[in-house]
Amino acid sequence: MLERDVEFRERQKRAPLYEQLERHAKHRPHPFHVPGHKMGNSFDNHAKNRFQDILELDVTEISGTDDLHQPQGVIAEAQDLAAQAFHAEQTKFLIGGSTVGNIALIMTVCRPGDKILVQRNCHKSVFNGIMMARATPIFLVPAVDLATGVAAGVRREDVERALLAHPDAKAVFLTNPTYYGMGIDLAKLAATVHRFDVPLLIDEAHGAHYGFHPAFPRSAMQEGADASVQSTHKMGTAMTMSSMLHIQGERIDRERLFRHLAMLQSSSPSYVLMASLDVARRHLVLEATEEWNRLLPLLDKFRERLDRLDWLDWPRLSTNSVYATLDPLKLFFHLRTAQFSGFDLQKWMEKHGIFSELADDSHVLLAASTGTASRDLEALCRLLESMAPQVEPGEERILLAGVVSSHYLREQALPMHEAVDCPRESILLEQALGRIVAEMVIPYPPGIPVLVPGERIDEESLAMLKELARGQTRFHGVQDDQLQTIQVLR
Ligand SMILES: Cc1ncc(COP(=O)(O)O)c(C=O)c1O
């Protein structure tokens, strides 16, 4: 190992924020500060035992614990260590998920009316950020993976064309990888975007582990993006809601960014969540590689076994793929049978104690991580194998997700932020053709809007929504989550 690497690992052994909280708890202090449970001294009796260890770390801004909004002590040190580990110049801890990072970035680069190039199949937080910034999105339609029918990434030529058509655009905002683990060649894309001297912002919510093992793609920071937002709680080991925002270069006004973060994040950020980021970073650097080295061959064997099931398939990277990278930790199954749906398979799995990320009509997505044990994979494999005799490979199911992902652009009759504030009414979905939608219609997961406020409901979108509503899709953003009715402008 190079001397530089030894030094790096030595430094990364520290977890300054977590260590400070532990030290403080050990002294058995008299806490006359919030939160009112006073480090676990008072708590619901039934739940106390389970929460106790964590409550002792759940303090607030007191001497020694630093302040997320003005970091100068242990939080600053923890963020510096994270920046070093994630190849960033600067890293900010996010309490409130990647959601808050995406919104803050968009509000930083866009002033009201400014254009931003944005991938249509992005998370709702990106659309919300655009509305909050009162910006104008220029949508980029992603390529569709024909084998699975889902949206992958945008094409570099499309981004370049859009930049030429909109030289006043303030930034390019993309999602990489997708929920399904598909990614594009970010290094090439970054070079293209930077030729126009605009920042490339990446929602890397599903890529906190990228760059930490040769089996994974390189991270957005390594590939030259100006900012990336990672849900460390998704593919890393931080606690839910704990994410990070990484920045490098001069294209982003950091002062403005930090001001927005301070406005959007709680003035009482959870020390437990922040400490979980500190130790999740240490785990990724020092321990995860060994765990992945055990897991990755298990995943290879698992896929080998499943290869015998001709009713089941998954994305495979080839020279013809519309994506350039694939996350080996995502188990994204595509059903090649008409006998049951992805929803049915998901329910069947749940009956056997196996819980997945999402299902739609023809897919089930499961996410593995360092926390996935061989017994988990064995249980999943056995269940899928046990179905083999009952399942005839049949006609391909209609690729509903493909339909969803292939028709993203509709007539934008009004800007999103104006449409959400217009007088509205609820009407039957059946009667919505030609009306302007007032709400975001998001089948969830994966959280990609089929319609955004201000768009006119056309025949395609109506047919798609009816089909989704007939299935068991849950909708976010809408008043009627069964989507029997829809909110439109009056
Ligand atoms: C692509 C993408 N971006 C952003 C988010 C929001 O992340 P968080 O849940 O950390 O707020 C999600 C959540 O599912 C997501 O899938």
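**Exercise 1.** Leaving aside its neighbours within four places in sequence, which residues is Asn41 in contact with?

*Solution.* Before starting, keep in mind that this is a predicted model, in which local features need pLDDT of at least 70 and side-chain atom pairs count only at pLDDT 80 or more, while totals for chains, interfaces and linings use all residues. Residues are numbered from 1 along each chain as its sequence is written, and side-chain values use heavy atoms, with hydrogens and water left out.

Step 1: locate Asn41, which sits in the loop between α2 (16-26) and α3 (45-55); helices (H or I, at least four residues) and strands (E, at least two) are DSSP runs, numbered from the N terminus.
Step 2: apply the contact rule, which asks for heavy atoms within 4.5 Å; once the neighbours within four places in sequence are set aside, Asn41 is in contact with Pro31 and Lys48.
Step 3: consider the accessibility of Asn41, whose relative accessible area of 57% makes it exposed, given that buried means under 20% relative accessible area, exposed over 50%, and partly exposed in between (1.4 Å probe, protein chains only).

**Exercise 2.** Describe the backbone features of Arg28, Pro35, Asp197 and Pro177.

*Solution.* Step 1: begin with the loop between α2 and α3, where Arg28 is placed. Although Arg28 is not a glycine, it has a positive phi of about 45 degrees, and its relative accessibility of 70% counts as exposed.
Step 2: stay in the loop between α2 and α3, which also holds Pro35; Val34 and Pro35 are joined by a cis peptide bond with omega of about 0 degrees.
Step 3: move on to Asp197, found in the loop between α8 (186-195) and β6 (200-203). Asp197 is not a glycine, yet has a positive phi of about 55 degrees, and at 56% relative accessibility Asp197 is exposed.
Step 4: finish with the loop between β4 (172-175) and β5 (182-183), which contains Pro177; a cis peptide bond, with omega of about 0 degrees, links Asn176 to Pro177.

**Exercise 3.** Is Ser228 buried or exposed, and which residues does Ser228 touch?

*Solution.* Step 1: find Ser228 in strand β7 (residues 227-230).
Step 2: compare its accessibility with the cut-off; at 0% relative accessibility, Ser228 counts as buried.
Step 3: list the contacts, not counting residues up to four places away in sequence, and Ser228 is seen to touch Ile202, Glu204, Ala220, Met221, Met244, Leu245 and His246.

**Exercise 4.** Why does the largest nonpolar core lie between domain 1 and domain 2?

*Solution.* Step 1: recall that a nonpolar core is a set of buried Ala, Val, Leu, Ile, Met, Phe, Trp, Tyr and Cys residues joined through side-chain atoms within 4.5 Å. The largest one has 60 residues, and Trp292 and Phe333 are among those with the most contacts inside it.
Step 2: note that helix α11 (residues 271-286) gives the most to this core, with 9 residues.
Step 3: combine this with the domain bounds, which come from an automatic or database domain assignment. Domain 1 (67-286) and domain 2 (293-390) both give residues to this core, so it lies between them.
Step 4: look at Trp292, whose contacts, apart from residues up to four places away in sequence, include His209, Phe216, Leu329 and Thr370.

**Exercise 5.** How many residues line the largest pocket, and which helix gives the most to its lining?

*Solution.* Step 1: set out the rule, in which, on a 1 Å grid over the protein atoms alone, a pocket is an open set of points with protein on both sides within 12 Å along at least five of seven lines, and lining residues have an atom within 4 Å of a point.
Step 2: read off the lining of the largest pocket, made of 43 residues, of which Tyr179, His206, Lys330, Glu357 and Ala367 lie nearest its centre.
Step 3: turn to the elements; α14 gives the most to this lining, with 5 residues, and α5 (97-109) and β11 (330-335) are among those that each supply at least two residues.

How values were computed: 1 Å grid on protein atoms, 1.4 Å probe; cavity = no way out; pocket = protein on both sides within 12 Å on 5 of 7 lines; lining within 4 Å.
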